[in-house]
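Visitor: I am new to protein structures, and I would like to understand the reasoning behind the words that are used for them. Could you show me one and let me ask how each label is reached?

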Amino acid sequence: MKIYKNVLNETTIEKIYSLIKKTSTDFDPSWCTSYSWNKNIVEKSSFVLIYKLSQNKKILNLILEDLKKFKEFKIKNIHVMIYIWGIGAYIPFHEDPVSNIAATIYLNKTWDKNDGGLFLYETKKEIKGVVPEYNKMIINDKNESHCVTSILPSIKEERVTLQIFGNNV
């Protein structure tokens, strides 16, 4: 795993939040949920709202421009999605074998580690954890097993992330 801070331009993040506000209040049919995922990933999780940014090229291009500075994103196909995680949402340990790279960028200004939503990953010797932190990116480019712990009822706001998957195919 690789971890980077201050990944996106503040203007890019503001545009992402404007998109969320506009599309979520207009009942935009562009949003879907995690219920279509493989049952081994969903388990008993509550749903995650998903917006595929391929539907908004302007914001997608801003994000891709911000990511150009990272050598890991010099690949052919990149898919970027906004995930909104509500109470009870989680993802059990899994791998992402169809992607050469998977990344998460945290977009909440503040996050309390006691609210769950921690990113855990397995090394050969132990399980390590990362607390969500504003504008921090975790890159999994070695297909390491990872999970997201359950979002607890104590949250003040939903957990918001960008999920990025890429491959050279």
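Guide: Let us begin with a term: accessible areas come from the Shrake-Rupley method with a 1.4 Å probe. For the protein chain, the accessible surface obtained in this way comes to about 9,400 Å², and 54% of that area belongs to carbon and sulfur atoms. Please keep in mind that this is a predicted model.

Visitor: What makes a stretch of the chain a helix or a strand, and how many of each are there in the protein chain?
Guide: A DSSP run counts as a helix when it has at least four residues and as a strand when it has at least two. On that basis the protein chain has 3 helices and 11 strands, and their order from the N terminus is β-α-β-α-β-α-β-β-β-β-β-β-β-β.

Visitor: How do you know whether the radius of gyration of the protein chain agrees with that of a compact globule?
Guide: For 169 residues, a compact globule would have a radius of gyration near 15 Å, and the protein chain has 15 Å, so the two agree. Along its principal axes, the C-alpha trace spans about 40 × 35 × 30 Å.

Visitor: What share of the contacts in the protein chain with a separation of 6 or more comes from residues 24 or more positions apart?
Guide: Such pairs account for 82% of those contacts, where a contact means that heavy atoms lie within 4.5 Å.

Visitor: Why is lysine 124 called exposed?
Guide: The word exposed is used for a relative accessible area over 50%. Lysine 124 has 89% relative accessibility, and therefore counts as exposed. Lysine 124 sits in the loop between β7 (119-122) and β8 (127-130), and its C-alpha atom is 35 Å from that of lysine 156, which is 32 residues away along the chain.

Visitor: Why is lysine 58 called exposed as well?
Guide: The relative accessible area of lysine 58 is 61%, so this residue is exposed. Lysine 58 belongs to helix α3, and its C-alpha atom is separated by 15 Å from that of glutamate 10, which lies 48 residues away along the chain.

Visitor: Why is valine 130 called buried?
Guide: Buried means under 20% relative accessible area, and valine 130, at 6%, therefore counts as buried. Valine 130 is part of strand β8, and, leaving aside neighbours within four places in sequence, its contacts are Ile3, Leu118, Phe119, Tyr121, Lys136 and Ile138.

Visitor: What makes tyrosine 4 partly exposed?
Guide: Partly exposed covers the values between the other two labels, and tyrosine 4 is placed there because its relative accessible area is 26%. Tyrosine 4 is found in strand β1 (residues 2-4). Not counting residues up to four places away in sequence, tyrosine 4 touches Phe70, Glu72, Asn135, Lys136, Met137 and Ile139.

Visitor: What is notable about the phi of asparagine 135, and is asparagine 135 buried or exposed?
Guide: Most residues other than glycine have a negative phi. Asparagine 135, which is not a glycine, has a positive phi near 65 degrees. Asparagine 135 lies in the loop between β8 and β9, and its relative accessibility is 2%, so it counts as buried.

Visitor: Which label fits glutamate 43, and what is its phi?
Guide: Glutamate 43 also is not a glycine, and its phi is positive, at about 45 degrees. Glutamate 43 is in the loop between α2 (39-42) and β3 (48-52), and because its relative accessible area is 49%, glutamate 43 is partly exposed.

Visitor: What makes a group of residues a nonpolar core, and which residues touch the most other members of the largest one?
Guide: Such a core is a set of buried residues of certain nonpolar kinds, joined through side-chain atoms within 4.5 Å. The largest nonpolar core has 29 residues, of which Leu53, Ile82 and Leu162 touch the most other members. At least two residues of this core come from each of α1 (10-25), α3 (57-67), β4 (77-85), β6 (101-106), β9 (137-140) and β11 (159-167). Apart from this core lies another, of 12 residues, including Met81, Trp85, Ile151 and Ile155.

Note on methods
Residues are numbered from 1 along each chain as its sequence is written. This is a predicted model: local features need pLDDT of at least 70, side-chain atom pairs count only at pLDDT 80 or more; totals for chains, interfaces and linings use all residues. Side-chain values use heavy atoms; hydrogens and water are left out. The radius of gyration is taken over C-alpha atoms; the globule rule is 2.2 Å times the number of residues to the power 0.38. Buried means under 20% relative accessible area, exposed over 50%, partly exposed in between (1.4 Å probe, protein chains only).
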